[in-house]
Amino acid sequence: MSQLGPGTGMCPRCQAAWSSAVFSSLDADTIPAQVDAILDGTFELRACTACAFEFRPEHPMLFVSHVRRLWIVMHPLTDRREYTTLEPAVEATVVHEIVMAAPLVGDRLHGVRPRLVFGQHMLTEAVRAVWAGLDTNLLEIAKLLTIRRNLPALMAYGPFELCFERFDDGNPVCAIHALPDGARLGEFALARDVFAEAVAGRSLMQQRFPALFERAYASATRYLIGTTL
Ligand SMILES: [Zn+2]
């Protein structure tokens with residue numbers, strides 16, 4: 001069930017305070033208009049009352065689709081440094097929900113792998129990837145391979161993460177977002193063959209990067225961030 005709750009924060013440009021209702025949970029199966037807004041990047045979009053800058057407010061929210069077997073917990077970007085604490089809590093919550101749920105709901109949750117994302121743009125990525133039929137694990141491996149192939153060009157941006165946005169003529173295109181503040185710095189088209197390499201190297205990558213396959217924060221970023229969180 002979708003729920004609204006109080007939200008507060010600051011404009012990312014001028015730091016003016018905002019206060020308004022935001023979603024604390026969103027049932028994707030019952031309010032498709034909000035899912036469409038997440039997909040097109042306009043979910044909860046608002047203009048700062050002080051400087052008119054348009055932004056999506058950062059706040060915690062649970063995104064659930066039983067139909068798609070999705071359970072995604074969004075946290076604000078500023079919580080990323082806490083991911084080692086938040087991750088087991090998210091995973092335990094799903095187990096708890098299954099135990100406590102009515103049998104029908106519990107059945108729907110069985111086998112659901114929870115996801116933890118930081119920032120509105122990474123929720124959008126997670127939903128876009130599923131709606132586009134992209135395998136999350138392969139997408140994150142493809143990002144790691146892309147970064148390895150193009151390290152000098154990408155490092156010029158400073159600390160960053162890749163965020164899938166769209167397909168251009170069949171090529172996946174990722175935005176480049178700064179760490180830790182999430183600013184969109186540019187974009188980078190993934191090579192056509194990178195997914196084939198990801199598929200071929202899947203078992204090897206699973207040994208090297210097990211958390212991508214097993215944990216809730218299934219993000220290439222967890223292997224790229226050191227103290228830049
Ligand atoms: Zn502002």
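Tutor: Domain bounds come from an automatic or database domain assignment, and for this protein, which is a predicted model, that assignment gives domain 1 (3-131) and domain 2 (136-223).

Student: How do you know that domain 1 and domain 2 touch, and how many residues of each are in contact?

Tutor: Two residues are in contact if their C-beta atoms, placed from the backbone, lie within 7 Å. By that rule, 15 residues of domain 1 are in contact with 13 residues of domain 2. On the side of domain 1 that touches domain 2, the elements giving two or more residues are α2, β7 (115-118) and α4, and α4 gives the most, with five residues. Sorted by class, that side of domain 1 has seven nonpolar, two polar and six charged residues. The centres of the two domains, taken over C-alpha atoms, are separated by 21 Å.

Student: What makes the radius of gyration of the protein agree with that of a compact globule?

Tutor: The globule rule is 2.2 Å times the number of residues to the power 0.38. For 229 residues a compact globule would have a radius of gyration near 17 Å, and because the protein has 18 Å, the value agrees with the rule. Along its principal axes, the C-alpha trace spans about 50 × 45 × 35 Å.

Student: Why are β1 and β7 called edge strands?

Tutor: Two strands pair if DSSP finds at least two bridges between them. The open sheet of five strands has the order β1-β2-β5-β6-β7, with mixed pairing. β1 (3-10) and β7 each have a single partner strand, so one side of each is left without a neighbour in the sheet, and they stand at the edges. From one strand to the next, the twist averages 25°.

Student: How do you know that β1 and β2 pair, and how many bridges join them?

Tutor: At least two bridges are needed for a pair, and eight bridges join β1 to strand β2 (residues 17-27), so the condition is met. These two strands run antiparallel, and one of the places to look is Thr 8, whose bridge partner in β2 is Ser 19. The helix α2 packs on this sheet, touching β6 (70-75) and β7, and its direction makes about 145° with that of β7.

Student: Which strands stand at the edges of the sheet β8-β9-β10?

Tutor: The three strands form an open sheet in the order β8-β9-β10, and the pairing is antiparallel. The edge strands are β8 (160-168) and β10 (184-189), since each pairs on one side only. Neighbouring strands of this sheet are turned by 30° against each other on average, direction ignored. Helix α4 (residues 120-131) lies across β8 and β9, running at about 40° to β8.

Student: What makes β9 and β10 a pair, and how many bridges join them?

Tutor: The pairing rule asks for at least two bridges, and five bridges join strand β9 (residues 171-178) to β10, so the two strands pair. Along them, Ile 176 stands opposite Gly 186 in β10, and Val 173 stands opposite Ala 189 in β10. The hairpin of β9 and β10 has five residues between the strands, and there Gly 182 takes a positive phi near 85°. Pro 180 lies in the loop between β9 and β10, and a cis peptide bond, with omega about 5°, joins Leu 179 and Pro 180.

Student: Why is Ala 52 called buried or exposed, whichever of the two applies?

Tutor: A residue is exposed if 12 or fewer other C-beta atoms lie within 10 Å of its own. Ala 52 has 10 other C-beta atoms within 10 Å, so Ala 52 is exposed. Its place is in the loop between β3 (46-47) and β4 (54-55), and its phi is near 70°, a positive value in a residue other than glycine.

Student: What, then, does Arg 69 count as, and why?

Tutor: Buried needs 20 or more of these neighbours and exposed needs 12 or fewer, with partly exposed in between. Arg 69 has 14 C-beta neighbours inside 10 Å and therefore counts as partly exposed. Arg 69 is in the loop between β5 (61-65) and β6, with a positive phi near 55°.

Student: And why does Ala 101 count as it does?

Tutor: Ala 101 has 14 C-beta neighbours inside 10 Å, so Ala 101 counts as partly exposed. Ala 101 lies in the loop between α2 (83-100) and α3 (103-109). For the protein as a whole, buried residues make up 28% of the 229 residues.

Definitions and conventions
Residues are numbered from 1 along each chain as its sequence is written. This is a predicted model: local features need pLDDT of at least 70, side-chain atom pairs count only at pLDDT 80 or more; totals for chains, interfaces and linings use all residues. Helices (H or I, at least four residues) and strands (E, at least two) are DSSP runs, numbered from the N terminus. Axes are lines fitted to C-alpha atoms, for helices over the stretch in contact, and angles run from 0 to 180 degrees between N-to-C directions. Ala, Val, Leu, Ile, Met, Phe, Trp, Tyr, Cys and Pro count as nonpolar, Asp, Glu, Lys and Arg as charged, and the others, Gly among them, as polar.
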